[in-house]
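Student: I have the sequence and the structure open. Can we work through them step by step?

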Amino acid sequence: MGEQAVAGADGGSTPDSGTADAAATGSSGPTTAGMTADGAAASEVEVPGAGMTADAAGPAGPQSRTTDIVAGPGGVMTDEVGVVTGELTLRTEFADGQVTLHVQYKDADEWYVVSGGKAPLEAASGLDAVHSIAVGLLDRPEG
């Protein structure tokens, strides 16, 4: 796959070999694109500064984004168990032309589908936007 030129802060380009990230994180490979140095997709990637993680299943398989949220007054309505409240994790998943919102109690095993949280989505490229909107609507830490 080789090195990729990445625009630096001064507008110049620098090779993206992952060495700066490796030094900062103690990792031996690049962590900025969700891929290992050989081009294989990583299983899960931390999105720095965004407070979410992204899987790297690729365009053919399911893709998802997750963010920890705090439900506002009234909680989040789910299809399986009704209202869930408190500290939750939101997962926005894209598969087979559809996006689905799921929540779980933070650090729990069970996931629940958010009521009304399914919609058609033409391409996975819209997943980040849908997830950001869902986080904006459901994350209400101050009530």
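Tutor: Start with a term. Helices (H or I, at least four residues) and strands (E, at least two) are DSSP runs, numbered from the N terminus. Asp107, for one, is placed in the loop between β9 and β10. Keep in mind that this is a predicted model.

Student: What is the mean pLDDT of the protein, and where does pLDDT stay under 50?

Tutor: Of the protein's residues, 57% reach a pLDDT of 70 or more. The mean pLDDT is 75. One stretch has 37 contacts beyond four places in sequence, yet its pLDDT stays under 50: residues 1-38.

Student: Is strand β9 largely enclosed or not?

Tutor: Strand β9 covers residues 98-105. Buried means under 20% relative accessible area. Of its 8 residues, 6 are buried, so β9 is largely enclosed by the rest of the structure.

Student: How many bridges pair β8 with β9, and which residue in β9 is the bridge partner of Thr89?

Tutor: Strand β8 spans residues 87-95 and runs antiparallel to β9. The two form a hairpin with 2 residues between them. They pair over 8 bridges. The partner of Thr89 in β9 is Gln104.

Student: How many bridges join β9 to β10, and which β10 residues are the bridge partners of His102 and Thr100?

Tutor: Strand β10 takes in residues 112-120 and is antiparallel to β9. Here the hairpin has 6 residues between its strands. The strands are joined by 5 bridges. His102 has Val113 as its partner, and the partner of Thr100 is Lys118.

Student: Asp96 has a positive phi. What is its value, and is the residue buried or exposed?

Tutor: Most residues other than glycine have a negative phi. Asp96 is not a glycine, yet its phi is near 50 degrees. It sits in the loop between β8 and β9. Its relative accessibility is 80%, so Asp96 counts as exposed.

Student: And Asp107: what is its phi, and is it buried or exposed?

Tutor: Asp107 is another residue that is not a glycine, with a positive phi of about 70 degrees. Its loop lies between β9 and β10. Relative accessibility is 70%, so Asp107 counts as exposed.

Student: Which element gives the largest share of the largest nonpolar core?

Tutor: This core has 13 residues, and those touching the most other members are Ile69, Val76, Val84, Leu88, Leu90 and Val103. Two or more residues come from each of β8, β9, β10 and α2 (127-138). The largest share, 3 residues, comes from α2.

Student: How many residues are in the other core?

Tutor: It lies apart from the largest one. Among its members are Phe94, Val99, Ala124 and Leu127. The count is 5 residues.

Student: Which residues does Val103 touch, not counting those up to four places away in sequence?

Tutor: Val103 is one of the core residues that touch the most other members. Its contacts also include Thr78, Thr89 and Glu110. The full set is Val76, Thr78, Val84, Thr89, Leu90, Glu110, Trp111, Tyr112 and Val114.

Student: How many aromatic pairs are there, and which residue lies over the face of Trp111?

Tutor: Rings of Phe, Tyr and Trp pair if their centres lie within 6.5 Å. By this rule there are 0 aromatic pairs. At 4.3 Å from the ring centre, the residue over the face of Trp111 is Arg91.

Conventions: Residues are numbered from 1 along each chain as its sequence is written. This is a predicted model: local features need pLDDT of at least 70, side-chain atom pairs count only at pLDDT 80 or more; totals for chains, interfaces and linings use all residues. Side-chain values use heavy atoms; hydrogens and water are left out. Buried means under 20% relative accessible area, exposed over 50%, partly exposed in between (1.4 Å probe, protein chains only). Two strands pair if DSSP finds at least two bridges between them. A nonpolar core is a set of buried Ala, Val, Leu, Ile, Met, Phe, Trp, Tyr and Cys residues joined through side-chain atoms within 4.5 Å. Contact means heavy atoms within 4.5 Å. Rings of Phe, Tyr and Trp (its six-membered ring) pair if their centres lie within 6.5 Å; planes under 30 degrees apart count as stacked, over 60 as edge-to-face and the rest as tilted. A charge sits over a ring if NZ of Lys or CZ of Arg is within 6 Å of the ring centre and within 35 degrees of the ring normal. pLDDT is the predictor's confidence in each residue, from 0 to 100.
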